Amino acid sequence: MGPENSGGVNVKSRRGLNLDRVVLLGRTFEEYVHYFGLNWETWRGRDLLDVASGVSSFCSEANLLGGRVTACDPIYAMPPEVLRPKCEEDLDHVLGSIGGLTVYRWEFYKNPAILRGYRERAFKKFLADFQVQPPGRYVRGSLPVLPFPDRQFELSLVSYFLFVYGDHFDLAFHRAALVELMRVTRCEARVYPLVTFEGEQCPYLDALRADPALGEFELEEIATDFEFLVGSNAYLRITRRSSC
Ligand SMILES: C[S@@+](CC[C@H](N)C(=O)[O-])C[C@H]1O[C@@H](n2cnc3c(N)ncnc32)[C@H](O)[C@@H]1O
């Protein structure tokens with residue numbers, strides 16, 4: 001096993017992270033608020049979906065703050081005792097590699113130790129809630145087919161899965177994923193970030209904007225004031241051209 005592949009995650013240095021699979025890193029409620037420019041007063045108490053939610057604590061924290069958030073991810077087929085060591089392993093690998101990379105802006109996190117603190121809080125809060133299994137809160141499911149009826153949610157979020165893993169999932173997957181996301185969504189979906197791990201805009205975006213399969217939707221890039229991965233200071237807002 002070489003230095004670029006120890007313990008299952010292949011982390012090579014180009015300009016950014018090169019991951020050989022989707023990793024189990026989780027973000028906190030605070031980070032989601034920044035990523036998606038989320039005004040919690042607007043969305044609290046409305047039906048929200050977090051897709052590819054993984055070990056993020058957004059769902060757990062949001063529900064404590066009066067939210068009605070459902071989380072959906074394929075990993076929810078696994079029990080917490082299996083997930084915990086995977087979280088720790090992926091966190092160690094990514095944090096061990098990220099410090100020297102030039103595609104990150106450290107204004108918010110300051111240094112890898114603080115970043116690690118966010119990721120640890122996220123997966124620990126997630127695991128504590130997941131262990132309890134609040135009814136209907138953590139649903140096993142994978143894009144591009146979600147186990148929900150049409151228009152169940154007012155707002156759907158996808159953080160750190162679409163676009164950023166553009167090397168792993170092709171344009172057809174992204175098209176099908178966005179169509180499916182909007183099938184289960186009444187008002188709008190937001191996807192973050194829009195760049196790859198190289199800090200470059202994902203090339204699928206332009207194609208998807210012109211794609212007839214998405215013709216009934218408006219795709220807008222909304223700027224935010226949060227940037228860690230270079231160029232990640234925007235999310236994609238998808239709405240129906242006919243109002244929700
Ligand atoms: C990097 S994590 C992001 C977790 C969370 N959204 C966050 O930002 O903290 C990516 C997640 O995508 C999930 N995933 C992988 N394939 C998926 C698919 N086809 N549909 C939905 N989620 C998927 C993984 O299980 C993993 O939990």
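Here is a short chat about a predicted model, starting with its sheet.

Colleague: Before we start, how are residues numbered, and which pLDDT do local features need?

Modeller: Residues are numbered from 1 along each chain as its sequence is written. This is a predicted model, where totals for chains, interfaces and linings use all residues, side-chain atom pairs count only at pLDDT 80 or more, and local features need pLDDT of at least 70.

Colleague: Which strands sit at the edges of the open sheet?

Modeller: Strands here are DSSP E runs of at least two residues and helices are H or I runs of at least four, numbered from the N terminus. Two strands pair if DSSP finds at least two bridges between them. The open sheet has 7 strands in the order β7-β6-β5-β8-β9-β11-β10, with mixed pairing. Pairing on one side only marks the edge strands, β7 and β10.

Colleague: In β9, which residue stands opposite Val158?

Modeller: Strand β8 covers residues 153-159 and β9 covers residues 185-192. The two run parallel, joined by 6 bridges. Opposite Val158 in β9 stands Val191.

Colleague: And in β6, what is the bridge partner of Leu48?

Modeller: β5 and β6 run parallel, with 5 bridges joining them. The partner of Leu48 in β6 is Val69.

Colleague: How many residues of β6 are buried?

Modeller: A residue is buried if 20 or more other C-beta atoms lie within 10 Å of its own, exposed if 12 or fewer, and partly exposed in between, with C-beta atoms placed from the backbone. Strand β6, residues 68-72, is mostly covered. The buried count is 4 of its 5 residues.

Colleague: Is Lys110 buried or exposed?

Modeller: Lys110 lies in the loop between α4 and α5. Its phi is positive, about 75°, although Lys110 is not a glycine. Because Lys110 has 9 C-beta neighbours inside 10 Å, it counts as exposed.

Colleague: How far apart are the end C-alpha atoms of α4?

Modeller: The expected span of a helix is 1.5 Å times one less than its number of residues. Helix α4 has 19 residues, so it should span 27 Å. The distance between its end C-alpha atoms agrees with that, at 26 Å.

Colleague: What is omega for the cis peptide bond between Leu143 and Pro144?

Modeller: Pro144 is in the loop between β7 and β8. A cis bond joins Leu143 to Pro144, and its omega is about 15°.
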